[in-house]
Amino acid sequence: MSFVYYKYDNVLADDVVNKILQLDDGNWQKAETDHQEKELLRKNEVIFSNDQWLYDIFWGVMEDANARGEWNLQIDCAEDFQLGKYSEGGHYEFHADGDGLMTINNPNNKVLHGKARKISMVAWLNEDFEGGEFEFHTAHMGKDRFIKPTKGTVMFFPSWILHKVHPVIKGTRYSLVSWFNGNPVK
C-alpha cells in the first residue's frame, strides 16, 4: 500500500532554512493561476530560483520519499523552486499540481519539455504564524489530512492529490515548493 504523502520532520537545519529565506531579494511576484477569479483560489506572493544547491539538497530526499512512499515514479528532472510568502489572508484553495499525464509544452527548455509533474514537494520555513494549515482532500485520512507546518519539515506527495493552504490568520507563512517531473504515466 502506497502512502498519500511522505514527511520528514525538522530535517532542514536552521542555517539551511535561513539560506533559503535569503532568496528573498524583495522582488516578490503575485502568484499566478489559470483560474478566472484568481484571488478566490490563490492569494500569495512568490520568488523563483534554480540555484543548484537547492537541487543538491532536495533531489536525494525526493528519491527516498519516492521509494518509501511506494510510488516508484520515474523522475528525471525538476522545475524551479518557488519561495512562497503567505501574508495575513493568504491562502490557496484545493488544487492539484499535475496529473502525471499532462506534459509541459516548452520547446525552449529541453529538460522540462514533454515531461509531466509527478511528485510535489513543500518545505516549511517557519511556524511563527497562525492559520496556514496544509490540508489534503482525502477523507479516508481523517485527522491526518490536516498538517500544521513546522519549521524545517519537508513533505512529498504525488502531484495529482488535491491539497490546499488554509488562510493565514496572523503573521506570515513561508514555504519552498517544487515539482519533480518525468515521462508521462502510461
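## A tour from strand β15 outward

Start at one residue pair: tyrosine 86 stands opposite arginine 173 in β15. Keep in mind that this is a predicted model.

**Stop 1: β15 and its partners.** Select residues 173-182, which make up β15. Here 9 of the 10 residues are buried, so the strand is largely enclosed by the rest of the structure. Now add β6, residues 81-86. β6 and β15 pair in the antiparallel sense over 5 bridges. Next add β8, residues 116-124. β8 and β15 are also antiparallel, with 8 bridges between them. Valine 122 has valine 177 of β15 as its bridge partner. Then pick β5, residues 77-78, which is joined to β15 by 2 bridges and runs antiparallel to β15. Cysteine 77 faces asparagine 181 there.

**Stop 2: β12.** Move to residues 154-158. Is β12 mostly covered or mostly open? Covered: 5 of its 5 residues are buried. Show the side chains. Val154, Phe156 and Pro158 point one way, while Met155 and Phe157 point the other. In a regular strand the side chains alternate between the two faces of the sheet.

β12 pairs with β8 in the antiparallel sense over 5 bridges. Methionine 121 stands opposite phenylalanine 156 in that pairing. β12 also pairs with β1, again antiparallel, over 3 bridges. Click phenylalanine 156 again: it is the bridge partner of tyrosine 6 as well.

**Stop 3: helix α3.** Select residues 52-68. At 1.5 Å a residue, the 17 residues should span 24 Å; the end C-alpha atoms are 25 Å apart, which agrees. Where does α3 bend? Look at phenylalanine 58, where the bend is about 30°. The buried residues of α3 are Leu54, Tyr55, Phe58, Met62, Ala65 and Asn66. Just past the helix, stop at glutamate 70, whose phi is positive, near 65°.

**Stop 4: the nonpolar cores.** Show Ile20, Phe58, Met121, Phe156, Leu176 and Phe180 as sticks. These have the most contacts inside the largest nonpolar core, which has 27 residues. Elements that each supply at least two residues of this core include β1 (6-8), α1 (14-21), β8, β12 and β15. Which element gives the largest share? That is α3, with 5 residues.

Zoom in on leucine 176. Leaving aside its neighbours within four places in sequence, its contacts include Ile20, Leu54, Phe58, Phe81 and Met121. A second, separate core has 12 residues, among them Val122, Phe157, Ile161 and Trp179.

**Stop 5: the open sheet.** Hide the cores. Colour 5 strands in the order β3-β7-β13-β10-β11: they form an open sheet with antiparallel pairing. The edge strands are β3 (42-43) and β11 (146-147), and each pairs on one side only.

Walk across from β3. 2 bridges join β3 to β7, residues 91-95, and the two run antiparallel. Arginine 42 sits opposite tyrosine 92 of β7. Continue to the next pair, β7 and β13, which is antiparallel over 2 bridges. Histidine 95 has histidine 163 as its bridge partner in β13. Then comes β10, residues 134-136, which pairs with β13, residues 163-165, over 3 bridges in the antiparallel sense. Finish on glutamate 135, whose bridge partner in β13 is lysine 164.

Terms used:
Residues numbered from 1 in each chain as written. Predicted model: local features only at pLDDT ≥ 70, side-chain atom pairs only at ≥ 80, totals over all residues. Heavy atoms only, no water. Pairing = 2+ DSSP bridges. Helix = DSSP H or I, 4+ residues; strand = E, 2+ residues; numbered from the N terminus. Expected span 1.5 Å × (residues − 1). Bend = angle between axes of the 7 residues up to and from the residue. Buried < 20%, exposed > 50% of the residue type's maximum accessible area, 1.4 Å probe, protein only. Core = buried A, V, L, I, M, F, W, Y, C linked by side-chain atoms within 4.5 Å. Contact = heavy atoms within 4.5 Å.
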